[in-house]
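I opened this notebook to record what I looked up in one structure. The entries run from whole chains down to single residues.

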Amino acid sequence: MINCADFMAEIGNYLEGDVAAEVRAQIESHLAHCQTCQIVYDSARKTVKVLTDCGSFDLPEAASKPIAANVMARIRAQGRNS
Amino acid sequence: MGFLREVELGVSFAPFSAFREHFGFVPSLFRCQSLLPRLVEAETALLASTLFKDRSLSRLQKERLLLVLAAANRNVYCGTAHYQMLCLLGEPEEQLDQLVSDYRHADLPAADVALLQFALKLNADGPTISRKDVTEVNSHGWTDGAVQEVVLICAWAKFSSCLSTGVGASPDFEAVPLPAAVPFDPPAGFESDADREGPYIGAPDLKADTFEPFAFLRERFGFIPNVLRAQSLRPDVIEAEVEAIRVLLLTDDHLTPLQKERILLVVSAANRNTYFVAVHSEILRTLGISPDDADKIAVEHRQAGLGAADTALLDFTLKLVQEPLEFGSEDFVPLRRHGFTDEQILEALVITSFANFLNTLQFGVGAKADFPPRHVFAPVSTKVANLSVAEPRLTEGSVTSDPDAEAVARVQGGEVDAFEDLINRHSRRVYRTLVGILGNPEEACDAMQDTFLKAFQHLGSFQGRSKFSTWLVSIASNTGLQLLRERKRVQSLDDDVDTDGGFRPQQIRAWSDDPEQSYSKTEVRSLVEDHVMKLPAKYRVVVMLRDIEQLSIEETAAALGLGIPALKSRHLRGRMMLREALTPHFAATATGGAA
């Protein structure tokens with residue numbers, strides 16, 4: 001049987017789906033009767049989903065275009081000077 | 001103040017007065033060990049024979065090696081110390097910054113670069129060192145004496161890096177921030193048929209009858225370890241090493257001989273050092289531990305039937321060796337709970353560091369086995385557990401298909417315009433890396449230009465051993481870190497103070513079934529942006545690359561120059577901090593929602 005501390009030690013791997021079948025079974029039986037860990041796990045899982053879905057920190061084309069143009073201009077200028 | 005209690009040793013304590021005389025101060029690495037002055041004496045003797053005697057290598061060459069190794073190990077304490085030493089030796093700061101960020105562009109003579117590469121390989125991946133590596137160093141005109149000194153320097157770098165982390169030494173000068181490891185293709189990789197039968201360097205025969213340290217070993221252990229015989233070009237070094245063995249391992253004040261040998265065994269196994277696993281299994285046998293039981297301890301000490309206290313001691317030891325960047329005051333809690341005294345903990349720390357020292361020496365000089373090996377740890381290219389968690393190499397293994405390979409080849413072939421495709425494909429990823437590190441969108445945009453220009457300049461040396469995108473992200477990460485240091489000299493990805501070791505969830509409120517539903521997409525995006533920006537940089541950049549940019553664990557680790565365990569632990573911490581921060585917005589009872 002695993003306890004809450006054991007679960008918290010494994011939550012990172014569990015979120016990544018990276019635990020052995022045996023450990024997974026132990027975690028699941030713990031989650032089935034521990035509401036606190038269940039809430040922590042569920043909200044952590046949803047946090048990951050929000051992060052991966054959000055598309056935050058996107059770089060709009062309007063911002064990236066001039067950067068690319070600037071870099072290419074400097075590279076071409078270097079090519080001409082050398 | 002470090003992690004352990006300190007005592008006043010008085011002005012007459014010889015090592016400290018020698019430090020005051022030579023440097024004007026006592027390095028905090030040694031002050032933190034004031035509880036056990038005999039250890040400090042043995043260590044300073046070892047340091048003196050390793051560093052202060054000019055033989056084949058000059059002090060300047062040794063300090064350069066130590067600085068580059070400290071940067072590779074991401075050890076701010078050691079990096080700061082050697083940076084300062086090099087300043088005192090007259091090296092210009094620009095040169096030092098270049099050494100720290102990428103030694104290949106520091107205009108060093110080819111022979112010095114060859115030494116550095118050998119040192120970095122030994123530091124990162126000791127089990128892969130073979131005679132071929134030593135021959136390569138020799139081919140640049142370096143004698144066996146020089147090779148031996150580089151090996152010693154590496155061993156000392158391992159020792160001091162491990163111990164400074166373990167005792168919690170704080171930098172003696174304004175901390176020099178270290179960048180993530182430099183992107184470079186590792187020097188000659190591992191070859192399975194390489195010649196690992198040592199010794200790799202000439203070693204005149206020293207007789208136990210006339211050489212006192214060998215006589216001592218023969219009497220105490222019944223044999224003279226080949227790892228010491230292999231160093232007989234330098235009897236003075238052997239003397240210091242044997243003295244350290246006597247003081248650290250054969251003087252039992254605090255930990256028992258059994259506890260010490262177990263530490264040496266698990267550290268050697270973690271470092272995959274076949275030679276020393278055999279040595280310590282043999283010594284444990286003389287202490288009444290059967291070879292089978294020793295094997296269990298070496299392979300998985302938690303299943304070896306040890307008591308809770310001894311298990312905790314080995315957990316502590318392995319954490320320090322395998323995840324030094326994550327090691328902190330919280331790791332002392334279980335030991336103190338089990339009743340270990342500060343003296344015992346200090347002994348454990350020094351012995352752990354000394355095991356790293358000996359393992360590195362053996363890999364470097366290639367000493368032949370003294371006993372039939374218990375476990376042969378074959379060199380592996382993807383490392384499971386060893387010394388290096390922050391090696392300057394990409395760990396993805398072989399890259400089978402890189403979608404950018406064609407464009408890269410075109411640019412390398414002179415088609416400059418093809419570089420624009422590469423910029424367009426990767427600008428968002430580079431931007432996210434830089435925002436992750438710098439925490440500021442405008443600065444990130446400026447740094448993007450530098451990143452792409454650097455990538456273009458160095459594309460000629462890119463050999464496709466990692467994916468282009470990984471290589472590019474690591475350049476971005478180095479560029480970002482360099483800006484951080486210019487902006488604020490004391491900040492680096494490791495300087496953020498850890499709030500505490502484990503995270504304890506504070507917010508226990510169920511989230512709604514579909515948390516994003518009650519907000520518009522733009523609102524979710526800006527909520528996430530606000531809270532990600534509030535994370536400390538070291539967590540922010542990992543969350544940014546792993547969750548938002550969705551790089552693989554391996555790619556993120558390689559790009560940031562972190563080991564997998566360190567990366568995973570930062571990633572989880574970052575995610576859990578965000579969970580706390582987002583709970584008020586997404587809890588089932590939250591009153592948020594579209595306006």
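The entries below follow the order in which I consulted the structure.

**Entry 1: confidence**

I note at the outset that this is a predicted model. I read its overall scores as ipTM 0.94 and pTM 0.61. I then took the chains in turn. For chain A I found a mean pLDDT of 89, with 96% of the residues at 70 or more. Within chain A, helix α3 (residues 35–54) has the highest confidence, at a mean of 94, and helix α4 (residues 61–81) has the lowest, at 86. For chain B the average pLDDT is 85, and 89% of the residues score at least 70.

I also searched chain B for stretches under 50. Residues 380–399 of chain B stay under 50 in pLDDT, and the model has 65 contacts beyond four places in sequence for them. Residues 495–501 of chain B also stay under 50, with 10 such contacts. Where pLDDT is low, the predicted coordinates should not be read in detail. I therefore do not interpret the coordinates in detail where pLDDT is low.

**Entry 2: composition of the chains**

I counted secondary structure next. Chain A has 4 helices and 0 strands, and its pattern along the sequence reads α-α-α-α. Of its 82 residues, 22% count as buried. Chain B has 26 helices and 0 strands. Half of chain B, 50% of its 595 residues, counts as buried. I looked up the sequence range of the contacts in chain B as well: among those between residues at least 6 apart, 81% join residues at least 24 apart.

**Entry 3: where the chains meet**

How many residues of chain B are in contact with chain A? I found 41 residues of chain B in contact with 31 residues of chain A. I then listed the elements of chain B that give two or more residues to this side: α20 (418–438), α21 (441–458), α23 (521–534), α24 (537–548) and α26 (564–586). By class, this side of chain B comprises 26 nonpolar, 5 polar and 10 charged residues.

**Entry 4: a helix pair in chain B**

I turned to helix α13 (residues 257–270) and helix α16 (residues 308–322) of chain B, whose axes come within 10 Å and cross at roughly 40°. The crossing of α13(B) past α16(B) is right-handed. On the α13(B) side, I recorded B:Gln259, B:Arg262, B:Ile263, B:Val266, B:Val267 and B:Ala270. These meet B:Asp310, B:Leu313, B:Leu314, B:Thr317, B:Leu318, B:Val321 and B:Gln322 of α16(B). The residues of this contact divide into 8 nonpolar, 3 polar and 2 charged.

I then examined α16(B) on its own. The helix has 15 residues and spans 21 Å from first to last C-alpha, close to the expected 21 Å. Its buried residues are B:Leu313, B:Leu314, B:Phe316, B:Thr317, B:Leu320, B:Val321 and B:Gln322. What covers them includes α9 (144–167), α13, α17 (332–337), α18 (342–365) and α26 of chain B.

**Entry 5: two residues with positive phi**

Most residues other than glycine have a negative phi. I recorded two departures in chain B. The phi of B:Arg272 is near 60°, a positive value in a residue other than glycine. B:Arg272 lies in the loop between α13 and α14 (274–286) of chain B. B:Gln550, likewise not a glycine, has a positive phi of about 60°. B:Gln550 sits in the loop between α24 and α25 (553–560) of chain B.

Is B:Arg272 buried or exposed? It counts as buried because it has 25 C-beta neighbours inside 10 Å, and 20 or more suffice for that class. B:Gln550 counts as exposed because it has 12 such neighbours inside 10 Å, and the exposed class takes 12 or fewer.

**Entry 6: B:His140**

My last look-up was B:His140, in the loop between α8 (131–138) and α9 of chain B. With 15 C-beta neighbours inside 10 Å, B:His140 counts as partly exposed. Which residues does B:His140 contact, leaving aside its neighbours within four places in sequence? I found B:Ala110, B:Ala111 and B:Ala114. B:His140 and B:Ala111 are 29 residues apart in sequence, and their C-alpha atoms are 5.3 Å apart in space.

Note on methods. Residues are numbered from 1 along each chain as its sequence is written. Chains are lettered from A and ligands numbered from 1 in the order in which they are written. This is a predicted model: local features need pLDDT of at least 70, side-chain atom pairs count only at pLDDT 80 or more; totals for chains, interfaces and linings use all residues. Axes are lines fitted to C-alpha atoms, for helices over the stretch in contact, and angles run from 0 to 180 degrees between N-to-C directions. A crossing is left-handed if the near helix is turned anticlockwise from the far one by less than a right angle, and right-handed if clockwise. Two residues are in contact if their C-beta atoms, placed from the backbone, lie within 7 Å. Ala, Val, Leu, Ile, Met, Phe, Trp, Tyr, Cys and Pro count as nonpolar, Asp, Glu, Lys and Arg as charged, and the others, Gly among them, as polar. pLDDT is the predictor's confidence in each residue, from 0 to 100. The expected span of a helix is 1.5 Å times one less than its number of residues.
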